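Subject: Structure handover

Hello,

Here is the structure I promised to pass on to you. Please have a look at it first, and then read my notes underneath.

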Amino acid sequence: MDLLRAVIIGAEGTPYHDGLFFFDVFFPSDYPYVPPKVHYQSRGLRLNPNLYDNGHVCLSLLNTWSGSKNEKWTPGVSTMLQVLVSIQGLILNAKPYFNEPGYASTSGTQNGEAKSLKYNEKTFILSVRTMMYTMRKPPKNFEELVAGHFYSRAHDILASCKAYMGGVQVGRFLKGGVRDVDDDGGKNSDKFKADLFGYVKPLVIEFEKIGVKDCQKFMSPTPLKPTTPIPTPLKATTLKSTTLKQTHLNSPKPTLLKKLFTLSCF
């Protein structure tokens with residue numbers, strides 16, 4: 001076997017949550033003495049510093065980025081599974097902004113965390129677009145997995161969109177509730193909320209095409225617009241936190257959906 005196709009499900013707590021990210025792999029004739037060649041199906045979108053819009057995957061383990069000897073491909077030690085786990089854990093992480101070497105040193109600073117939040121906003125929008133593109137044209141041999149995955153996750157995805165439009169930080173909406181925000185107190189921008197509103201309806205349409213019911217309840221009654229300053233003083237209000245319940249679906253549960261990593265020849 002010299003060709004492989006893999007899909008990674010975006011992890012909870014990251015701006016990639018509930019998304020499907022496809023990678024095509026080629027094993028050269030001298031593999032495993034050299035690393036495999038991995039191509040990301042970007043659909044023209046760059047949603048991570050390590051994943052280029054042309055499909056290039058920047059990772060030390062693949063020898064496509066500098067790193068120490070232990071971080072690079074080691075014959076007899078490194079494996080394809082290690083590559084996939086590295087992509088999921090090191091690339092598709094909670095704060096991908098800091099994957100960029102020049103920005104890593106700003107992690108934990110007020111300026112760095114603020115820019116990281118903005119990057120996550122952009123990333124989630126691109127992840128939503130990737131979801132729609134994937135449902136419209138699923139990769140060959142993964143049609144059943146794509147339909148089953150988004151059928152079972154549709155309400156979770158829409159609930160997170162509604163929470164983000166309500167001000168919850170991207171990646172902080174978890175199944176069953178909202179995780180505490182960062183100490184920096186950052187909030188989603190009004191532009192992000194308005195942009196996300198524009199993608200919710202097309203996303204609902206794609207979900208309904210694969211048979212998902214009751215999607216309309218997650219749509220806001222009116223579009224969100226950037227807030228304009230109010231000249232009169234506002235009365236102070238005490239906000240109480242609420243717990244958001246997860247909505248479960250009776251999904252078809254296709255066999256392929258049971259695997260975190262689904263691999264097949266194509």
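Below are notes on a helix pair and on the cavities.

This is a predicted model, where local features need pLDDT of at least 70, side-chain atom pairs count only at pLDDT 80 or more, and totals for chains, interfaces and linings use all residues. Residues are numbered from 1 along each chain as its sequence is written, and side-chain values use heavy atoms, with hydrogens and water left out.

First, the helices (DSSP runs of H or I, at least four residues, numbered from the N terminus). Helix α2 (residues 110-136) packs with helix α4 (residues 190-209) at an angle of about 15 degrees, and their axes are 10 Å apart. The two are therefore roughly parallel to each other (angles under 35 degrees count as such). From α2, the contact (heavy atoms within 4.5 Å) takes in Phe124, Ile125 and Arg129, among others, and from α4 residues including Leu196, Tyr199 and Phe207. By type, the contact residues are twelve nonpolar, no polar and five charged (Asp, Glu, Lys and Arg count as charged; Ala, Val, Leu, Ile, Met, Phe, Trp, Tyr, Cys and Pro as nonpolar; the others, Gly among them, as polar).

Next, the cavities (sets of points on a 1 Å grid over the protein atoms alone where a 1.4 Å probe fits but cannot get out). There are two of 30 Å³ or more in the whole structure, and the largest has a volume of about 50 Å³ (the space filled by probe spheres set on the points). Its lining (residues with an atom within 4 Å of a point) consists of Glu12, His17, Asp18, Asp156, Ser160, Phe173, Leu174 and Lys175. That makes two nonpolar, two polar and four charged residues.

Best wishes

Key. Axes are lines fitted to C-alpha atoms, for helices over the stretch in contact, and angles run from 0 to 180 degrees between N-to-C directions. Angles under 35 degrees count as roughly parallel, over 145 as roughly antiparallel, 65 to 115 as roughly perpendicular and the rest as oblique. On a 1 Å grid over the protein atoms alone, a cavity is a set of points where a 1.4 Å probe fits but cannot get out, and a pocket is an open set with protein on both sides within 12 Å along at least five of seven lines; lining residues have an atom within 4 Å of a point.
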